[in-house]
There are 2 protein chains.
Amino acid sequence: MDISQVAKQSGVPASTLRFYEEKGLISSVGRQGIRRVFAASVMERLELIALGRVAGFSLEEIASILGSEENPNIDRDLLQQKACELDNTIQKLVAMRDGLQHAAACKAPSHLECPRFRRLMKLAVSGAIKGEASNKLVKKHSSNKALQPTNR
Amino acid sequence: MDISQVAKQSGVPASTLRFYEEKGLISSVGRQGIRRVFAASVMERLELIALGRVAGFSLEEIASILGSEENPNIDRDLLQQKACELDNTIQKLVAMRDGLQHAAACKAPSHLECPRFRRLMKLAVSGAIKGEASNKLVKKHSSNKALQPTNR
DNA sequence: GTACAACTTCAAGTCAACTTTAAGTCAAGA
DNA sequence: TCTTGACTTAAAGTTGACTTGAAGTTGTAC
């Protein structure tokens, strides 16, 4: 596949594909003349990258999770750790979704005053402020300093 | 509360608090001389903001969800829409978490080759690439240009 | 009453993740 | 052969979310 095919099929702009290649997130199988040639499997990788972004991981983190295309990563501890981080995130988002949903239906003058909303948010919120930094900072920390507790 | 108290208790730097105030995300109840004075309720708001960030919303979106502190937003359609967006995100993240978790335990040489992993990811991934842009770009489009198609 | 730490504003700087631009390369059709 | 259009690189520009710095102000401890 050439870059424009990948771009068309994936919806990811060619400029982004080049950028991702430069960052080591994807790789072309070779060149035809000066032009990149991609394997079909790059599509799957792009989807995983997109997913990782939705999950709040940085490109650098995604790279470390996925490893190189030829020699994929199997750092099981890292995977498990990311799964945990994600699970924490999910729990917050679920509470927030429920909070939003309730707020949309609630007749209280302001959802911030609705006790149900506040209770839901309390659930979601525990540790959210420090939690927010988690995807970014914990990674940073743990790559610098080894096993820090998950709770920050 | 003065800004340093809020900063200390919330973990949010004073510079960020000023930045958030400038952006209309929080507001001080007044000044003592030149210095901001915050109501205790700002803590709750900061937690909601942090949560919104984790959920992948931009500060602008969060502002529109929360409304002003005195006159909070009750655009129920918006809340419902955000709840839906969040639900889509959550579903992807759940599949991804399960995928990561499985990959961490799986004995296949590379998780990209493990059929279970691939099946989980397929679930997560459907629409992830276009989905990723949703929180950011769809908002942009809809505020700039009215109804543009979701695909960029 | 004065020193000074902690606040203030405003402007500029940083960082990640891209996008855009300028200048060049090349395969293919008229 | 010559043009054209899709690719190429390298560098600069953009955006969102902050952070940092410089220069000024002020409440409080001495």
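On helix 2 of chain A, the exposed residues include A:S15 and A:E22, on the other side from the buried ones. Before I go on: this is a predicted model, and what I say about it is computed from that model.

Now the buried side. Within helix 2 of chain A, which runs over residues 14–22, A:L17, A:Y20 and A:E21 are buried. Looking down the helix axis, these buried residues stay within an arc of 100 degrees, so they line one face of helix 2 of chain A. The general background is that an α-helix has 3.6 residues a turn, so residues three or four places apart point the same way.

What do the buried residues of helix 2 of chain A pack against? Among the helices of chain A, they pack against helix 1 (3–10), helix 3 (42–54) and helix 4 (59–66). Strand 1 (30–32) and strand 2 (35–37) of chain A are packing partners too. Just after helix 2 of chain A comes A:G24, with a positive phi of about 80 degrees.

Helix 2 of chain A also brings us to the DNA. I will take DNA strand C first.

There are 17 residues around DNA strand C, and those that come nearest are A:T16, B:S4, B:R18, B:R35 and B:R36. Which element gives the most to this surface? Helix 2 of chain A does, with four residues. At least two residues each come from helix 2 of chain A, helix 1 of chain B and strand 2 of chain B. By type, the surface near DNA strand C has six nonpolar, four polar and seven charged residues.

As for which part of the DNA is involved, 82% of the atoms of DNA strand C within 4 Å of the protein belong to sugar or phosphate, and the rest belong to bases. Some individual contacts to phosphate oxygens of this strand follow. For A:Y20, a side-chain N or O atom is 2.9 Å from a phosphate oxygen of DNA strand C. Recall that A:Y20 is one of the buried residues of helix 2 of chain A. From chain B, a polar side-chain atom of B:S4 lies 2.6 Å from a phosphate oxygen of DNA strand C. For B:R31, a polar side-chain atom is 2.9 Å from a phosphate oxygen of that strand.

Next, DNA strand D. It is surrounded by 20 residues, of which A:S4, A:R31, A:R35, A:R36 and B:T16 are the closest. Here helix 2 of chain B gives the most to the surface, with four residues. Helix 1 and strand 2 of chain A, and helix 2 (14–22) of chain B, each supply at least two residues. The surface near DNA strand D divides into seven nonpolar, five polar and eight charged residues.

Sugar or phosphate accounts for 81% of the atoms of DNA strand D within 4 Å of the protein, and bases for the rest. A polar side-chain atom of A:S4 is 2.5 Å from a phosphate oxygen of DNA strand D. The side chain of A:R36 has an N or O atom 2.6 Å from a phosphate oxygen of this strand. With B:L59 the contact is through the backbone, where an N or O atom lies 3.0 Å from a phosphate oxygen of DNA strand D.

Back to the protein, and to helix 1 of chain B. Its buried residues include B:I3, B:V6, B:A7 and B:S10. They cover an arc of only 100 degrees around the axis, which puts them on the same side of helix 1 of chain B. B:K8 and B:Q9 are exposed, on the other side of this helix.

B:S10 is worth a separate word. At 4% relative accessibility, B:S10 counts as buried. What does its side chain contact? A polar atom of the B:S10 side chain lies 2.7 Å from the backbone oxygen of B:V6. The backbone nitrogen of B:V12 is 3.0 Å from a polar atom of the B:S10 side chain. Just after helix 1 of chain B, B:G11 takes a positive phi of about 80 degrees.

Last item, the cysteines. How many disulfides does a search of the whole structure find? Zero, over all chains. In chain A, the sulfur of A:C114 has its closest cysteine sulfur in A:C106, at 3.4 Å, which is too far for a bond; the cut-off for a disulfide is 2.5 Å. A:C114 counts as buried, at 4% relative accessibility. In chain B, the cysteine sulfur closest to that of B:C106 is in B:C114, 3.4 Å away and again too far for a bond. B:C106, at 5% relative accessibility, counts as buried.

Conventions: Residues numbered from 1 in each chain as written. Chains lettered and ligands numbered in written order. Predicted model: local features only at pLDDT ≥ 70, side-chain atom pairs only at ≥ 80, totals over all residues. Heavy atoms only, no water. Buried < 20%, exposed > 50% of the residue type's maximum accessible area, 1.4 Å probe, protein only. Arc of directions from axis to C-beta. Contact = heavy atoms within 4.5 Å. Near = heavy atom within 4 Å. Polar contact = N/O pair within 3.5 Å; in protein donor to acceptor, adjacent residues only side chain to side chain. Nonpolar A, V, L, I, M, F, W, Y, C, P; charged D, E, K, R; others polar.
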